[in-house]
Amino acid sequence: MTNKEKVTVSVSSVGADGKQPPTKSYNKSITDLPGKGNLQSINNDNLQAISMTELYDTAYPPKLPVIDGFLYNGIYLFVGAPKIGKSFFMAQIGYHISMGAPLWGHPVRQGTVLYLALEDDYARLQKRLSKMFGMEGSKRFYFATKSKSLNNGLEQQLIRFVTEHKDARLIIIDTLQKVREVGGDKFSYASDYEIVTKLKAFSDTYGICLLVVHHTRKMESSDSFDMISGTNGLLGAADGAFVMQKEKRTDNRAELDIAGRDQQDQKLWLNFNRETCIWELIRTEIELWKEPDDPILEAITGLITEGQPEWRGTAAELIQ
């Protein structure tokens, strides 16, 4: 992204709908405070800092979900091996958001969706979508099979789109490699971090979700997020990631691991219906934070059993 344009955040985002709920008695955004904006000027040599009191006294607009409990505004990586069904999943998410239809019971905030299907052509898209959704089209679902690279005009293309479509909610980039710069140190941490940071700046400025499709590496790992191709700079700069895996490429079932800043870590078990080409939810596992066990309570639990529902003794004996 270029730094030539002056960016402000105090205006309503193109992806926002509904009013901000009341918070305390404050109605100012941090961007209304002199020099307190989240986006700092590159040419300003002074460190822009705020006090804890100012931080508490500032009302921030809520970060509304695109799909409740599943997808939020920001930039997310969607990672999986080639030909695993990622493009079908992207089309499914885009269609549900453009139609405002719940996804697996999760409420959806309806809005315009742009799908950069850069590894497809329109004939293949037509065949895929008609098999998935029949002949009922969506006027809010847009497709492009060609775009400029990130360092050669993609930002301006996306700005033009969200300017023309004020209700833009989601932009899907399929795949990351198609919009990266050609040549250079493509696989360094700094390069990976920079490209995601540029995309995140765009999503934050316009208040939308960017979902970027990427591939896994061949090396296996016990942590699915370590299988993201490239360096840790990609995940470090992103707001979250989805990692889809199958035991065998021919399997219909897949696991989807989700981690992000705005939602709980969770694992989804999915089934790909080959007749409809739709991903169906089998079950969900949410990794809730568990308070560590209290050793004192654990010790007392050992003293109280069904056979001995009551214990008597002195404090010294209890301590022992």
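**Salt bridges, rings and a helix face**

Asp167 has a relative accessible area of 26% and is therefore partly exposed; here buried means under 20% relative accessible area, exposed means over 50%, and partly exposed lies in between (1.4 Å probe, protein chains only). The structure is a predicted model, in which local features need pLDDT of at least 70 and side-chain atom pairs count only at pLDDT 80 or more, while totals for chains, interfaces and linings use all residues. Residues are numbered from 1 along each chain as its sequence is written, and side-chain values use heavy atoms, with hydrogens and water left out.

Confidence comes next. pLDDT, the predictor's confidence in each residue, runs from 0 to 100. The chain averages a pLDDT of 80, and 77% of the residues score at least 70. Over residues 1-42 the pLDDT stays under 50, and for this stretch the model has 64 contacts beyond four places in sequence, a contact being heavy atoms within 4.5 Å.

The opening residue, Asp167, takes part in a salt bridge with Arg140, at 3.6 Å from N to O. Asp167 is in the loop between α4 (154-164) and β6 (168-174), and Arg140 is in the loop between α3 (122-133) and β5 (141-144), so this bridge ties together parts that are 27 residues apart in sequence. The helices (H or I, at least four residues) and strands (E, at least two) named here are DSSP runs, numbered from the N terminus. A salt bridge is a side-chain nitrogen of Lys or Arg within 4 Å of a carboxyl oxygen of Asp or Glu, and the structure holds eleven of them. Arg140 also counts as partly exposed, because its relative accessibility is 32%.

Another of the salt bridges joins Lys200 and Asp239, whose closest N and O atoms are 2.9 Å apart. Lys200 belongs to helix α5 (residues 189-206) and Asp239 to the loop between α6 (233-237) and β8 (240-245), so the parts tied together are 39 residues apart in sequence. Lys200 is buried, with a relative accessible area of 18%. Asp239 is buried as well, at 3% relative accessibility.

Salt bridges can also form a network, as they do among Asp120, Asp121, Arg124 and Arg128. Within this network, Arg128 bridges to Asp120, with the closest N and O atoms 3.0 Å apart. Both residues of that bridge, Arg128 and Asp120, are buried. Arg128 has a further partner: its charged end sits over the ring of Phe88, 5.3 Å from the ring centre. For this, NZ of Lys or CZ of Arg must be within 6 Å of the ring centre and within 35 degrees of the ring normal. The charged end of Lys267 likewise sits over the ring of Trp269, 5.8 Å from its centre.

Rings also pair with each other, and the structure holds 13 aromatic pairs. One of them, between Phe89 and Trp104, is tilted, with 5.7 Å from centre to centre and 40° between the planes. This pair links distant parts of the chain, 15 residues apart: Phe89 is in helix α2 (residues 86-99), and Trp104 is in the loop between α2 and β4 (112-117). Rings of Phe, Tyr and Trp (its six-membered ring) pair if their centres lie within 6.5 Å; planes under 30 degrees apart count as stacked, over 60 as edge-to-face and the rest as tilted. Phe89 is buried, with a relative accessible area of 1%. Phe89 and Trp104 also belong to a cluster linked by ring pairs, together with Phe70, Tyr76, Phe78 and Phe242.

Helix α4 shows how buried residues can be arranged. In α4, Leu154, Glu155, Leu158, Ile159, Phe161 and Val162 are buried. Seen down the axis of α4, these buried residues fall within an arc of 165°, so they line one face of the helix; the arc is that of the directions from the helix axis to the C-beta atoms. An α-helix has 3.6 residues a turn, so residues three or four places apart point the same way. The buried residues of α4 pack against β4, β5, β6 and α5.

Some backbone details remain. Most residues other than glycine have a negative phi, and most peptide bonds are trans. The peptide bond from Asp174 to Thr175 is cis, with omega near 20°, and Thr175 is in the loop between β6 and α5. Lys83, not a glycine, has a positive phi of about 60°. Lys83 is in the loop between β3 (74-80) and α2 and counts as exposed, at 73% relative accessibility. Cys277 also has a positive phi of about 60° without being a glycine. The loop between β10 (266-273) and β11 (278-286) holds Cys277, which is buried, with a relative accessible area of 6%.
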